[in-house]
Every structure is written in C-alpha cells, then in structure tokens.
Amino acid sequence: MAELGLNEHHQNEVINYMRFARSKRGLRLKTVDSCFQDLKESRLVEETFTIDEVSEVLSGLQAVVHSEVESELINTAYTNVLLLRQLFAQAEKWYLKLQTDISELENRELLEQVAEFEKAEITSSNKKPILDITKPKLAPLNEGGTAELLNKEILRLQEENEKLKSRLKTIEIQATNALDEKSKLEKALQDLQLDQGNQKDFIKAQDLSNLENTVTALKSEFQKTLNDKTENQKSLEENLATAKHDLLRVQEQLHMAEKELEKKFQQTAAYRNMKEILTKKNDQIKDLRKRLAQYEPED
C-alpha cells in the first residue's frame, strides 16, 4: 500500500476523510448525471431541433451543471475549513502553532501520491469484510486531561512566582531602610567626632577626662547598635538569598513546564532586573561597610 509518511493513527484519519470526500463526490456526480437524464426525458422528445433550440437546451444544461459544480466546490472548501479548525483548536490547547504550505497543494507529485494511496486504500477496503465499527468521538477540547493539568500547574507556578516577587520587594524595602538608618548613624558619629575635635582646644584639662568617657560610652552604644543593625542586615541578606533560590527554583519549574509544551519559556526580564537591583544594593552595602571601617578607632 502507498504511504503518506504519517503514523498509523493519522493515516487512518486521512483514510476516513478520503472516504467521506469520495462519498460526497459520488453523490454530486449522481446529481450531475441526473441533470443530463432529466434533460433527455423532458426536452429531447422531438426528432429534429433548430440551432436556436439546441443552443437554448445546452445553455440551460450549462446553468444547472455550473450551479451544481459551484455548490460542490464551495461546500468542499467549507468542509476543509472545518477540518482545519478542528486540528488548529486541538493544537492551541497545547500552545502549538501549526503552519501550512499552500504551494504544496499544487504539487503534482504529491497529488499523484495521494491518488495512488486512495486507489490502494479502495482496493484494500474492497477485499476486507465490512465490519460495523463505531469510531470513538473526539474528546471535547474544553474538558479535563493532561493539557488541563499542565495549565493548572503553570498557573500555580505563576502565582508562586508572583508571591516571591512580592516577598523580594518587601525585603528590598527593608534593606533600603536599614541602609538609610546606617547612614544616619554614620553621620551622627562623624558629627560627634568633629565636635569632639573642635572642643579639645577649648575645654579645661579637668573636664577632658569626663568628655572622653562620654565619647567612649557613646562609641560603645553606637557599636552595639551598629552590631545589631549588622545582624539584621545579615538576616536580610540571608532572606534575599533564600528568596533568590526560591525564585530560581520556580523559574526552573516554569522552564520545565514550558519545555514540555513548546520549549519556549525563558527566564523573565523582571527577575533579571530584580537580580541586578539586588546586586547593586549589595554593592552599596559593601561600599558602606568600607566607609564605616574608615571611621573605626585604631587599637
């Protein structure tokens, strides 16, 4: 038997469509034959006809046959559109985009191959016993199945991704507030040290010891506050790292789901922008640490 280069299931579907088209073609040919038969029975009752009468008869027959052929061609085109609609609808459920090559429809070699396939199928079907087989109907496209499960998983991963984005935004705000507070404390220390340097030339010797003790106590308190802020900052950084890992995991899951459907999904630009912002924030924190280190008293 001639083959069309399709698997068994799809080839059977093609055979079913060809049987349908063949039956419709046979009915239309019978209609055309009946037009000629009606003409013979209704108009060809005399032995002789004039040229005008023959022309009138042929014109009437032409109009009837033209109408029948045109109706069949239109119906065939609409039928093909409905067939393509079924295929495209099923493909869209899997996020696929099918393409057609209209030029291949006039490929004489392929058309002859289809004709040979139809002849072989007719010969084969005539040899086989006729069985009453009820073909299963296509499953409704809107009902559950693997596609619906994958869609639900994608929606779940997208919701989790949005939650992680919101969490990252909250942590970023907390980190920004911590940096602002650290900047205020640093400025207060600078003002205190500057004020101390200006007052050393004017205060009395007996008050110098008290002032130094006060400065030491303030430094100790500031150091304690700074340590607390550092611990809080480390916690925020750990939360940022954990959130990044969670986001990467979700991105990987999304990528796997996309790979099963169309192998198209890629990492979102929003994540890369957020990662770049976090990297800048970390660089700012490192820079602030270096600047704070410049103000630490030497032992």
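Colleague: Happy to look at this one with you! Does F20 count as buried, partly exposed or exposed?

Modeller: Glad to help, and bear in mind that this is a predicted model. Buried would need under 20% relative accessible area and exposed over 50%. F20 has 37% relative accessibility, so the class for F20 is partly exposed.

Colleague: Which residue forms an aromatic pair with F20, and what kind of pair is it?

Modeller: A search of the whole structure finds one aromatic pair. Its ring centres are 6.3 Å apart, with 40° between the planes. Planes under 30 degrees apart would count as stacked and over 60 as edge-to-face, so the rest are called tilted. The partner of F20 is Y17, and the pair is tilted.

Colleague: How are Y17 and F20 placed in helix α1?

Modeller: Y17 is partly exposed, at 26% relative accessibility. Y17 and F20 are three residues apart in helix α1, so what separates them is about one helical turn.

Colleague: Let's step back to the fold. What order do the elements of the protein chain run in?

Modeller: The protein chain has six helices and zero strands. Read from the N terminus on, the order is α-α-α-α-α-α.

Colleague: What share of the contacts between residues at least 6 apart in sequence join residues at least 24 apart?

Modeller: The chain has 299 residues, of which 18% count as buried. Among contacts between residues at least 6 apart in sequence, the share that joins residues at least 24 apart is 82%.

Colleague: Now for charges: which residue forms a salt bridge with R22?

Modeller: Side chains of opposite charge can pair when their charged atoms come close. The whole structure holds 11 salt bridges. One of them has an N to O distance of 3.5 Å, and the partner of R22 in it is E118.

Colleague: How far apart in sequence are the parts that R22 and E118 tie together?

Modeller: R22 and E118 meet through their side chains in a salt bridge. R22 lies in helix α1 (residues 8-42) and E118 in helix α3, so the parts tied together are 96 residues apart in sequence.

Colleague: Is E118 buried or exposed?

Modeller: E118 sits in helix α3, which spans residues 108-127. Its partner R22 is partly exposed, with a relative accessible area of 24%. For E118 the value is 18%, and because the cut-off for buried is under 20%, E118 is buried.

Colleague: Which residues are linked with E118 in a network of salt bridges?

Modeller: Leaving out residues up to four places away in sequence, E118 touches M18, R22 and R25. Of these contacts, the ones linked with E118 in a network of salt bridges are R22 and R25.

Colleague: Which residue in helix α4 forms a salt bridge with E160?

Modeller: The partner lies four residues from E160 in helix α4 (residues 146-199), about one turn of the helix. It counts as partly exposed, at 39% relative accessibility. The N to O distance is 3.3 Å, and the residue is R156.

Colleague: Which helices does the salt bridge between R167 and D246 tie together?

Modeller: The closest N and O atoms of R167 and D246 are 3.5 Å apart. R167 lies in one helix and D246 in another (residues 205-261), so the pair ties together parts 79 residues apart in sequence, in α4 and α5.

Colleague: Turning to the nonpolar side, which element gives the most residues to the largest core?

Modeller: In soluble globular proteins, nonpolar side chains tend to be buried together. The largest nonpolar core here has 11 residues, including L157, L164, A243, L247 and M274. The elements giving two or more residues to this core are α4, α5 and α6 (269-293). With five residues, the element that gives the most is α5.

Colleague: Which residues is A243 in contact with, beyond its neighbours within four places in sequence?

Modeller: A243 belongs to the largest nonpolar core. Its contacts, leaving those neighbours aside, are L168 and I171.

Colleague: Last one! What is the area of the nonpolar surface patch that includes L84?

Modeller: L84 lies in helix α2 (residues 51-93) and is partly exposed, with a relative accessible area of 36%. The patch is made by L83, L84, L87, F88, W94, L96 and L98, and its area is about 570 Å².

Conventions. Residues are numbered from 1 along each chain as its sequence is written. This is a predicted model: local features need pLDDT of at least 70, side-chain atom pairs count only at pLDDT 80 or more; totals for chains, interfaces and linings use all residues. Side-chain values use heavy atoms; hydrogens and water are left out. Contact means heavy atoms within 4.5 Å. Patches are made of residues with over 30% relative accessible area and no salt bridge: like charges are joined within 9 Å, nonpolar side chains (Val, Leu, Ile, Met, Phe, Trp, Tyr) within 5 Å. Accessible areas come from the Shrake-Rupley method with a 1.4 Å probe; for residues, only the protein chains shown count as cover. A salt bridge is a side-chain nitrogen of Lys or Arg within 4 Å of a carboxyl oxygen of Asp or Glu. Buried means under 20% relative accessible area, exposed over 50%, partly exposed in between (1.4 Å probe, protein chains only). A nonpolar core is a set of buried Ala, Val, Leu, Ile, Met, Phe, Trp, Tyr and Cys residues joined through side-chain atoms within 4.5 Å. Rings of Phe, Tyr and Trp (its six-membered ring) pair if their centres lie within 6.5 Å; planes under 30 degrees apart count as stacked, over 60 as edge-to-face and the rest as tilted.
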